There are 2 protein chains.
Amino acid sequence: MGLIKTEKFSESQNQIALFAKAFGHPARVAIIQHLFKINACVCGDLVEEIGLAQPTISQHLKELKNLGLIQGTIEGTSVCYCINKDNWTAMKTLLNDFFNNNLDSNTCC
Amino acid sequence: MGLIKTEKFSESQNQIALFAKAFGHPARVAIIQHLFKINACVCGDLVEEIGLAQPTISQHLKELKNLGLIQGTIEGTSVCYCINKDNWTAMKTLLNDFFNNNLDSNTCC
DNA sequence: TTTGTATATCGCAATATTACGATTAATATT
DNA sequence: AATATTAATCGTAATATTGCGATATACAAA
C-alpha cells in the first residue's frame with residue numbers, strides 16, 4: 001500500500017499530520033529557520049545555505065508553499081520567500097493544542 | 001534516492017525532523033490523543049479505537065516507542081501504553097523553540 | 001536579439017512508508 | 001496439556017518521498 005487511510009481519522013488529526021510532515025525533513029526545518037533568522041525575504045541564497053541541489057530545494061519550497069506556511073514573491077529573475085505569518089500562527093495554535101495536553105493528572109506507569 | 005542527507009544538517013535540525021515525522025501520520029496523532037484522553041495506561045483497545053489492522057497499529061506504536069514518546073509495560077497477555085512524560089516534555093520544548101520564533105519584527109512581503 | 005541568471009518542472013532511480021495477511025511468541029484459561 | 005488471547009514480527013505489495021540531472025521558463029542585461 002503506502003497509502004494513508006485518511007478517511008479513518010478526523011479532519012483535525014489529518015491536518016496536524018500534514019503540518020507535522022512538513023517539518024519531518026531537516027531541509028525544510030533548515031529553510032524555515034533560515035527565513036526566521038534572516039528575518040526578511042530571502043531571495044536566492046537558500047540553495048547555498050542548505051547545501052542541496054537547486055531542484056531539490058525548489059521542491060521543498062513548493063511543499064511548504066502548498067501548505068501555506070511560506071509565500072514567494074517574484075522580484076525580477078529571482079523569487080523572495082518569507083514566512084506567511086497568519087498561516088504560521090494558525091499552524092502553531094493547532095500543534096500547540098496537540099502538544100500541550102495536561103500531563104500532570106496522568107497517573108499511570 | 002529517497003535517502004535523507006542528514007549529514008548536511010545540524011543535530012538539532014535532524015532531531016526536530018524526527019519528532020515531527022512521528023506526528024506526520026494521523027494514526028500516530030490519534031494514538032497520542034487517545035493516550036491523553038484516557039489519561040492512563042491503555043491496554044489493548046487501541047486497535048478498535050483507531051480502526052486499522054493490529055499489525056499496523058503495532059508498527060505505529062513501535063515507532064513512537066523507539067522515539068521514547070510512549071512506553072509500554074506488559075500486563076499479562078496485554079501491553080499497557082502511556083505517554084513518557086519526561087521525553088514528551090523534552091520534545092515539546094524542542095518543537096516549541098522551533099515554532100515560537102518571533103514574527104513581529106519580521107518586515108517583508 | 002543574444003546571452004546570462006534564477007527558479008520551476010520533468011523524469012527517473014533509490015529508498016522509505018504504509019498496510020495487512022500469515023505467523024510467531026508469550027502468557028492465561030480451561 | 002490443549003486452547004484461547006494478545007501483541008510482535010515477517011514478508012510483501014502498493015504508494016510516497018528524496019534527490020538530482022536535464023530541461024524549460026521567465027526575465028535582465030549586453
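**Note on the DNA strand D surface and the aromatic cluster**

1. In this predicted model, 31 residues surround DNA strand D. The closest are A:Met1, B:Gly2, B:Lys5, B:Gln54 and B:Tyr81. Of the strand's atoms that come within 4 Å of the protein, sugar and phosphate account for 63%.

2. Three elements each supply at least two residues of the surface near DNA strand D. They are helix 4 (54-66) of chain A, helix 4 (54-66) of chain B and strand 3 (78-83) of chain B. By class, this surface has 12 nonpolar, 13 polar and six charged residues.

3. Some polar contacts involve bases. A backbone N or O atom of A:Gly2 lies 3.1 Å from a base nitrogen of DNA strand D. For A:Gln59, a polar side-chain atom is 3.3 Å from a base nitrogen of the strand. A:His25 contacts the backbone of the DNA: its polar side-chain atom lies 2.8 Å from a phosphate oxygen.

4. Now the aromatic rings. Over all chains, the structure holds 15 aromatic pairs. A:Trp88 and B:Phe98 form an edge-to-face pair, 6.2 Å centre to centre with 80 degrees between the planes. This pair crosses between chains, from helix 5 (residues 85-99) of chain A to helix 5 (residues 85-99) of chain B. Both residues are buried.

5. A:Phe98 and A:Phe99 make a tilted pair, at 5.5 Å and 45 degrees. A:Phe98 counts as buried because its relative accessible area is 3%, under the 20% cut-off. A:Phe99, at 1%, is buried too.

6. One aromatic cluster takes in residues of both chains, including A:Phe23, A:Phe36, B:Phe23, B:Phe36 and B:Trp88. A:Trp88, B:Phe98, A:Phe98 and A:Phe99 also belong to this cluster.

Key:
Residues numbered from 1 in each chain as written. Chains lettered and ligands numbered in written order. Predicted model: local features only at pLDDT ≥ 70, side-chain atom pairs only at ≥ 80, totals over all residues. Heavy atoms only, no water. Near = heavy atom within 4 Å. Polar contact = N/O pair within 3.5 Å; in protein donor to acceptor, adjacent residues only side chain to side chain. Helix = DSSP H or I, 4+ residues; strand = E, 2+ residues; numbered from the N terminus. Nonpolar A, V, L, I, M, F, W, Y, C, P; charged D, E, K, R; others polar. Phe/Tyr/Trp six-rings, centres within 6.5 Å; stacked < 30°, edge-to-face > 60°. Buried < 20%, exposed > 50% of the residue type's maximum accessible area, 1.4 Å probe, protein only.
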